[in-house]
Amino acid sequence: MQSLSDLLKHEKKRIAFVPTMGFLHKGHLSLMKEGLRHADYLVLSIFVNPAQFGPGEDLESYPRNFKKDADLVEKEGVNVIFAPDAKDIYPEHFQTYITLNDLPHHLCGISRPNHFRGVATIVTKLFNIVKPHTAIFGQKDFQQLAVIKQMVSDLNLDIEIIGAPIIREDDGLAMSSRNVYLSVDERQSALSLFKALNNSQKLLKSGETDASKIINEAVKLINSYKKTLIDYIAVCDPETLTDIKKIEKPVLMALAVKIGKTRLIDNMILN
Ligand code: AMP
């Protein structure tokens, strides 16, 4: 992969990179389309990264279907799929990790303590392997995008990071590889995330600027659906991810909710 990238750069090609864990859906495809708007060569990676899963999480059961993914992206203009084995990425005695001081201590980082260490480490490794000019990440994982932008700035990585909007199903559910875990009933309850975000946007527009009141309404709405268990609902500064009490400028509302055994996340800028 490194030699190929060197060759492409020698030929003055611009390389766009979309890192994923596979089991691709239209959200992933939108990142690839965005990549091709900024480059003439597109690398997709598919790697279920063990370092970003905690004990008891779904590393083993995470959905995988390489053949289907490869078929799907054939007409999307992907030039190379980089799909390494975990033992090549993390050989025995691997011991170097990237950690950030502040951003991982909010939102998902609270219930997933080592998650962003795993994310920052694999993304750095993939950047060093693929050597892209630009990389595209979804705003669906808003905190991940913030972590990567911060890391790229802090470490002077010469890569342009582009954030792409959340792609949703027709009824509003944010697309996710994990949506396949949902039973018919759970799929209904999963809609509560987007409904709560929309309702919060409406409350703010009608003049409610007290974040705790907006969050309380979201809690009530989500709890009115079956099999929901809220991990967190936060209204925070979109850059620092610190909580905001009174909304006076655009804020990020982010939430994570377990629907049965499946943990889903979603977010929206409230303004
Ligand atoms: P994943 O395979 O879930 O690790 O996601 C790979 C990339 O796709 C990340 O940058 C995600 O933010 C992005 N992504 C996942 N779901 C969506 C979605 N529904 N809309 C836009 N981007 C997404």
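Let's start at Leu-107, which sits in the loop between α4 (86-89) and α5 (108-111). Keep in mind as you look around that this is a predicted model. Leu-107 has a phi near 40°, a positive value in a residue other than glycine. Is Leu-107 buried or exposed? Its relative accessibility is 7%, and anything under 20% is called buried, so Leu-107 counts as buried.

Now compare another loop residue. Asn-156 is found in the loop between α7 (142-154) and β5 (160-164). Asn-156 is not a glycine, yet its phi is positive too, at about 55°. How much of Asn-156 can be reached from outside? Its relative accessibility is 65%, and the exposed label begins over 50%, so Asn-156 counts as exposed.

Next, the cysteines. A disulfide is a covalent bond between the sulfur atoms of two cysteines. How many disulfides does this model have? To be counted, two cysteine sulfur atoms must lie within 2.5 Å of each other, and by this rule the count is zero. Take Cys-108: its nearest cysteine sulfur belongs to Cys-236 and is 11 Å away, so by the 2.5 Å cut-off Cys-108 is in no disulfide. Turn that around and you get the matching story for Cys-236, whose nearest cysteine sulfur is that of Cys-108, 11 Å away. Both cysteines are tucked out of reach: Cys-108 is buried, with a relative accessible area of 6%, and Cys-236 is buried at 0%.

Let's move on to the ligand. Which residues come nearest to it? There are 17 residues around the ligand, and the nearest are His-28, Gly-138, Asp-141, Ile-167 and Met-175. Two of these also show up when you look for polar atoms close to the ligand's oxygens. A polar side-chain atom of His-28 is 2.9 Å from an oxygen atom of the ligand. With Gly-138, a backbone N or O atom lies 2.9 Å from an oxygen atom of the ligand. Met-21 joins in as well, with a polar backbone atom 2.9 Å from a ligand oxygen. How much of the ligand does the protein cover? Taken alone, the ligand exposes 480 Å², and the protein buries 93% of that. Three elements give two or more residues to the shell around the ligand: β1 (15-20), α2 (26-38) and β4 (134-138). Of the elements, α2 gives the most, with three residues. Sorted by class, the shell has nine nonpolar, six polar and two charged residues.

From here, find strand β8 (residues 262-270), where you'll spot Asn-267. Asn-267 counts as buried because its relative accessibility is 6%. What does its polar side chain find in there? A polar atom of the Asn-267 side chain lies 2.9 Å from the backbone oxygen of Gln-139. The side chain also reaches the backbone oxygen of Lys-140, at 3.1 Å. Setting aside neighbours within four places in sequence, Asn-267 is in contact with a whole list of residues, including Gln-139, Lys-140, Phe-142, Ile-166 and Met-253.

Met-253 gives us a handy link to Ala-218. Not counting residues up to four places away in sequence, Ala-218 touches Ala-196, Ser-200, Ile-233 and Met-253. You'll find Ala-218 in helix α9 (residues 211-223), and it is buried because its relative accessible area is 1%. Ala-218 and Asn-199 are 19 residues apart in sequence, while their C-alpha atoms are 7.5 Å apart in space.

Two last stops. Ser-5 is in helix α1 (residues 2-10) and is buried, with a relative accessible area of 0%. Which residues does Ser-5 contact, leaving aside its neighbours within four places in sequence? They are Ile-15, Ile-129, Val-130 and Lys-131.

Finally, look at Ala-83, in the loop between β3 (80-82) and α4. Ala-83 is partly exposed, with a relative accessible area of 37%. Its C-alpha is 5.8 Å from that of Phe-47, although the two residues are 36 residues apart along the chain. Beyond residues up to four places away in sequence, Ala-83 touches Ile-46 and Phe-66.

Notes: Residues numbered from 1 in each chain as written. Predicted model: local features only at pLDDT ≥ 70, side-chain atom pairs only at ≥ 80, totals over all residues. Heavy atoms only, no water. Helix = DSSP H or I, 4+ residues; strand = E, 2+ residues; numbered from the N terminus. Buried < 20%, exposed > 50% of the residue type's maximum accessible area, 1.4 Å probe, protein only. Polar contact = N/O pair within 3.5 Å; in protein donor to acceptor, adjacent residues only side chain to side chain. Contact = heavy atoms within 4.5 Å. Near = heavy atom within 4 Å. Areas by Shrake-Rupley, 256 points an atom, 1.4 Å probe, with all protein chains shown as cover. Nonpolar A, V, L, I, M, F, W, Y, C, P; charged D, E, K, R; others polar.
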